[in-house]
Number of protein chains: 2
Amino acid sequence: MSGTTEAVGDGTGTITRDHVLHTALDIIDRDGVDGLSMRRLGRVLGRDPMTLYRYADTKTALFDGVVELVLSDLTVDATDDDWQSQLREVARRFRAIAVAHPHVVPLLVTRPLATPLAMRPHGTLRPLEATLELLVRSGFRDVDALHIYRLFFGFLYGHVLNELQELVDNPEETDDLLRLGLHRLPLKEFPLLRGLAGALASYDGAAELERGLDILLSGLRVQLTPPGRR
Amino acid sequence: MSGTTEAVGDGTGTITRDHVLHTALDIIDRDGVDGLSMRRLGRVLGRDPMTLYRYADTKTALFDGVVELVLSDLTVDATDDDWQSQLREVARRFRAIAVAHPHVVPLLVTRPLATPLAMRPHGTLRPLEATLELLVRSGFRDVDALHIYRLFFGFLYGHVLNELQELVDNPEETDDLLRLGLHRLPLKEFPLLRGLAGALASYDGAAELERGLDILLSGLRVQLTPPGRR
DNA sequence: CGGTGTAGATCTACGGCGTAGATTCAGTAC
DNA sequence: GTACTGAATCTACGCCGTAGATCTACACCG
């Protein structure tokens, strides 16, 4: 019986990179990015922390691995004949991933800022390539496909960042205004925001995503049409 | 003559919260978020690190202060009669801020995930309130104004995250494919991405923002019109 | 069988971190 | 002078990432 509160691995048997990444993901899911330390990860795996450097060169590389692991669930069917509905499905899948792993989202949106595109884990580039393929197959020029990709994933990033914002301040309160803590905002300065307590409290991420997609796709239809209609 | 390499303040005179925040911003601008530590900040200001806790309760509160400082440059003219062109201007200003302080962007998009809305620095909520006012004045219902705000700022977040992605891998190389490091991607798996080396290399953030705004605003016009036209 | 190489796992240690709590210091009021 | 008070500083604790040295286990060769 282990003396530490958290040991899980028994120190025997073989460990794989996948074990390491999944365990790291578990810790992040539970306690956020800051909750993950090499020492703690080692403790959970029943291994010396230094051993982990066999599976990830550095802690940030570990982060990149977690991002890749999470994004490996994001599939894009490039053979779909209807690019608009395929994008909708991708959006829903992406949102589902973000909602399932909210604490990973900061890494998801932030790691690319520190990693040259070509050095990113291939798993994170696959959705990009597949989306390009989807759009090119649908008749878009490749540069337009790139524009659309950027706009689309930018929109997705923005959406999940919005949806996962911490709204609630005092969960056990029943009145919306008090629960969100909005009563502390000066009425003179924030009248509209305070008036929207009800709307803020009843935020529906899935519906909001669909609304955004409606607008985005509608804009795309107006502004960009595949030159070679199939 | 100081023995340390970085001391700037002489330890005399009075320090203000603004001094502290500006200095913190300088450090982040230079060396990124991870480059900022309480000890280093104290060193630069010529003060004991513990003194800083007078101006920010905690390090994350310091981050929030920096975010507020940076966002204080973002003005929204709620009295503008043309909400679409005002949103365009806000977008340009937001982008300018992000480009001026790229290392702050991770904080910008990430801090709200950890802070209940009502506890956020008021300076960061002012653009929200002002945007709502702009839209309501233009005839939108308040809940629609909220939707548009979310879509719009989500789009902006996504755009700057896209624009600030690290693309270059090997700066002194002249050939686009090599400079971006794309030649290391397996040709079989990433044919389209590799083919876009030129387009990736000549990314123009300002132009891309305008294109995105065209599409977004066009979508908004189609999907949402103020019920009470003025 | 002993010896040797080697690849992986582990240990030790360094310099840094955020910040709680104790202490000192500067300035004012008497 | 003394007492008080608020700000500034000091000390120390328990963490962190990881470089480099060391140890372990085992395959192979003589």
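Two residues are in contact if their C-beta atoms, placed from the backbone, lie within 7 Å. On that basis, residues 24 or more positions apart account for 62% of the contacts in chain A with a separation of 6 or more. The model is predicted. Chains A and B are copies related as by a two-fold rotation axis. DNA strands C and D each have 14 residues around them.

**Chain A overall**

- Chain A has eleven helices and zero strands.
- Its pattern along the sequence is therefore written with helix symbols throughout: α-α-α-α-α-α-α-α-α-α-α.
- The C-alpha trace of chain A spans about 65 × 50 × 25 Å along its principal axes.
- Of the 230 residues in chain A, 36% are buried.

**Nonpolar core**

- The largest nonpolar core holds 118 residues.
- The residues with the most contacts inside this core are A24, V66 and I148 of chain A, and A24, V66 and I148 of chain B.
- V66(A) touches L21(A), A24(A), L25(A), I28(A), V104(A) and L107(A), leaving aside neighbours within four places in sequence.
- In soluble globular proteins, nonpolar side chains tend to be buried together.

**Helix 3 of chain B and its cover**

- Helix 3 of chain B covers residues 59-71, which is 13 residues.
- At 1.5 Å a residue it should span 18 Å, and its end C-alpha atoms are 18 Å apart, so the two values agree.
- Its buried residues are L62(B), F63(B), D64(B), G65(B), V66(B), V67(B), L69(B) and V70(B).
- The cover over these buried residues includes helix 1 (17-31), helix 4 (83-100), helix 5 and helix 6 of chain B.
- I28(B) sits in helix 1 of chain B.
- I28(B) counts as buried because it has 22 C-beta neighbours inside 10 Å, where the cut-off is 20 or more.
- Leaving aside neighbours within four places in sequence, I28(B) is in contact with V33(B), G35(B), L36(B), V66(B), H103(B) and V104(B).
- One of these contacts, V66(B), is also one of the buried residues of helix 3 of chain B.
- I28(B) and P102(B) are 74 residues apart along the chain, with their C-alpha atoms separated by 9.3 Å.

**R179(B)**

- R179(B) lies in helix 8 (residues 176-179) of chain B.
- With 21 other C-beta atoms within 10 Å, R179(B) is buried.
- Not counting residues up to four places away in sequence, R179(B) touches V168(B), D169(B), N170(B), P171(B), E173(B), T174(B) and A201(B).
- R179(B) and D77(B) are 102 residues apart in sequence and 42 Å apart in space, C-alpha to C-alpha.

**Interface between the chains**

- The interface brings 60 residues of chain B into contact with 60 residues of chain A.
- On the chain B side, helix 5 (105-110), helix 6 (122-137), helix 7 (142-163), helix 9 (191-195) and helix 11 (205-223) each supply at least two residues.
- Helix 7 of chain B gives the largest share of that side, 13 residues.
- By class, the side of chain B that touches chain A has 35 nonpolar, 14 polar and eleven charged residues.
- The copies meet through the same surface, because 100% of the interface residues of chain B are also interface residues in chain A.

**Symmetry**

- Chain B superposes on chain A by a rotation of 180° with 0.0 Å of shift along its axis, at an RMSD of 0.0 Å.
- The two copies are thus related as by a two-fold rotation axis.
- The C-alpha of chain B nearest the axis belongs to G219(B), 1.9 Å from it.

**DNA surroundings**

- Among the 14 residues that surround strand D, the closest are S37(A), M38(A), R39(A), K59(A) and M50(B).
- Helix 2 (residues 38-45) of chain A gives the most to the surface near strand D, with three residues.
- The surface near strand D divides into four nonpolar, four polar and six charged residues.
- Among the 14 residues that surround strand C, the closest are M50(A), S37(B), M38(B), R39(B) and K59(B).
- Helix 2 (residues 38-45) of chain B gives the most to the surface near strand C, with three residues.
- Four nonpolar, four polar and six charged residues make up the surface near strand C.

Terms used
Residues numbered from 1 in each chain as written. Chains lettered and ligands numbered in written order. Predicted model: local features only at pLDDT ≥ 70, side-chain atom pairs only at ≥ 80, totals over all residues. Core = buried A, V, L, I, M, F, W, Y, C linked by C-beta atoms within 7 Å. Buried ≥ 20, exposed ≤ 12 C-beta atoms within 10 Å, placed from the backbone. Helix = DSSP H or I, 4+ residues; strand = E, 2+ residues; numbered from the N terminus. Nonpolar A, V, L, I, M, F, W, Y, C, P; charged D, E, K, R; others polar. Near = placed C-beta within 6 Å. Least-squares fit on C-alpha atoms with pLDDT ≥ 70 in both. Expected span 1.5 Å × (residues − 1).
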